[in-house]
Amino acid sequence: MRFNCLICGKGGQGVITLNRTIGNILSLLGYKVISAETHGMAMRGGSVSTFLKCGEFKSAGFGYNQADYIISTDYEEYLNNKHYLKNDGYNIVNTDKNNKNNNGVFFDATKLSLKIFKSPKYANYFLLFIFFSLLGKIDLIDVKNILINQKLLDENKYTLILKELKDVI
């Protein structure tokens with residue numbers, strides 16, 4: 001499996017953690033992964049973007065029109081970074097502008113997290129499971145087991161997240 005993924009958002013939204021979690025899952029499943037971080041202003045609310053590559057690569061960065069996926073925790077940051085996406089790439093964007101089309105899923109993960117867990121901190125797990133679902137080569141049960149083994153998620157939260165995503169993925 002070989003792909004480029006840009007993960008972006010604002011400082012404090014868990015962009016770097018999301019990058020590390022996805023990279024760690026892929027690595028534990030036996031894939032070669034390399035990643036790098038690009039921080040905007042080093043403060044809460046500043047632009048943050050990370051690059052993640054899966055496959056045989058020698059550096060983590062890539063240029064415009066080379067991302068197979070963009071995962072954005074913030075719609076404004078998606079707009080600032082969408083030039084990285086290939087023409088046939090796929091967007092996964094946390095926004096209140098719900099939409100699903102051939103090039104992406106735009107939905108309000110924060111609202112779902114607040115509704116189900118009374119906290120926004122699980123919003124990125126919705127994005128994570130959509131991403132792995134779109135990859136299509138990794139069983140979501142394997143992803144769940146890794147997250148549970150690392151005590152990042154429990155079975156109940158996984159079940160609730162997948163239940164809410166059944167119409168999205």
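Select Asn 91 and show what surrounds it. Leaving aside neighbours within four places in sequence, Asn 91 is in contact with Ile 70, Tyr 78, Leu 85, Asn 103, Gly 104, Val 105 and Phe 106. The residue itself sits in strand 5, which covers residues 85-94. Is Asn 91 buried or exposed? Its relative accessibility is 4%, under the 20% limit, so Asn 91 counts as buried.

A word on what is being viewed: this is a predicted model. Colour the protein by pLDDT. The average is 93, and 97% of the residues score at least 70. Which elements mark the two ends of the range of mean pLDDT? Strand 4, residues 67-72, has the highest mean, at 98. Strand 6, residues 99-101, has the lowest, at 83.

**Asn 81**

Keep Ile 70 on display and select Asn 81. Ile 70 is in contact with Asn 91, and Asn 81 is in contact with Ile 70 too. The other contacts of Asn 81, apart from neighbours within four places in sequence, are Leu 6, Cys 8 and Ser 49. Asn 81 belongs to helix 2, residues 75-81. With a relative accessible area of 9%, Asn 81 is buried.

**Phe 131**

Move to helix 4, residues 123-135, and pick out Phe 131. How accessible is Phe 131? The relative accessibility is 0%, so this residue counts as buried. Show the residues around the ring: Phe 131 touches Phe 3, Cys 5, Ile 22, Tyr 69, Ile 71 and Ile 92, not counting residues up to four places away in sequence. Ile 22 is worth a distance label. Phe 131 and Ile 22 are 109 residues apart in sequence, while their C-alpha atoms are 9.1 Å apart in space.

**Helix 4 and helix 6**

Stay with helix 4 and add helix 6, residues 155-165. The two helices pack at an angle of about 65°, with their axes 10 Å apart. Helix 4 and helix 6 are therefore roughly perpendicular to each other. Their crossing is right-handed. To see the contact, select Tyr 125, Phe 126, Phe 129 and Ile 130 on helix 4, then Tyr 158, Ile 161, Leu 162, Glu 164 and Leu 165 on helix 6. Which classes of residue make up this contact? There are eight nonpolar residues, no polar ones and one charged residue.

**Helix 1 and helix 5**

Next, select helix 1, residues 15-28, together with helix 5, residues 140-149. Their axes come within 10 Å and cross at roughly 110°. Helix 1 and helix 5 are therefore roughly perpendicular to each other. This crossing is right-handed. Where do the helices meet? Helix 1 contributes Thr 21, Ile 25 and Leu 28 to the contact, and helix 5 contributes Val 143, Ile 146 and Leu 147. By class, the contact has five nonpolar residues, one polar residue and no charged ones.

**Lys 151**

Follow the chain from helix 5 into the loop that leads to helix 6, and select Lys 151 there. Is Lys 151 buried or exposed? Its relative accessible area is 73%, so Lys 151 is exposed. Check the backbone as well: phi of Lys 151 is near 60°, a positive value in a residue other than glycine.

**The loop between strand 3 and strand 4**

Go to the loop between strand 3, residues 47-54, and strand 4, where Asn 65 is found. Phi of Asn 65 is also positive, near 60°, and this residue is not glycine. At 48% relative accessibility, Asn 65 counts as partly exposed.

The last stop, Gly 55, lies in the loop between strand 3 and strand 4. At 16% relative accessibility, Gly 55 counts as buried. Which residues does Gly 55 touch, not counting residues up to four places away in sequence? They are Met 1, Arg 2 and Lys 32. To finish, draw a line from the C-alpha of Gly 55 to that of Tyr 31: these two residues are 24 apart in sequence and 6.8 Å apart in space.

How values were computed:
Residues numbered from 1 in each chain as written. Predicted model: local features only at pLDDT ≥ 70, side-chain atom pairs only at ≥ 80, totals over all residues. Heavy atoms only, no water. pLDDT = per-residue confidence, 0-100. Helix = DSSP H or I, 4+ residues; strand = E, 2+ residues; numbered from the N terminus. Axes fitted to C-alpha atoms, helices over the stretch in contact; angles between N-to-C directions. Parallel < 35°, antiparallel > 145°, perpendicular 65-115°, else oblique. Left-handed = near helix turned anticlockwise from the far one by under 90°. Contact = heavy atoms within 4.5 Å. Nonpolar A, V, L, I, M, F, W, Y, C, P; charged D, E, K, R; others polar. Buried < 20%, exposed > 50% of the residue type's maximum accessible area, 1.4 Å probe, protein only.
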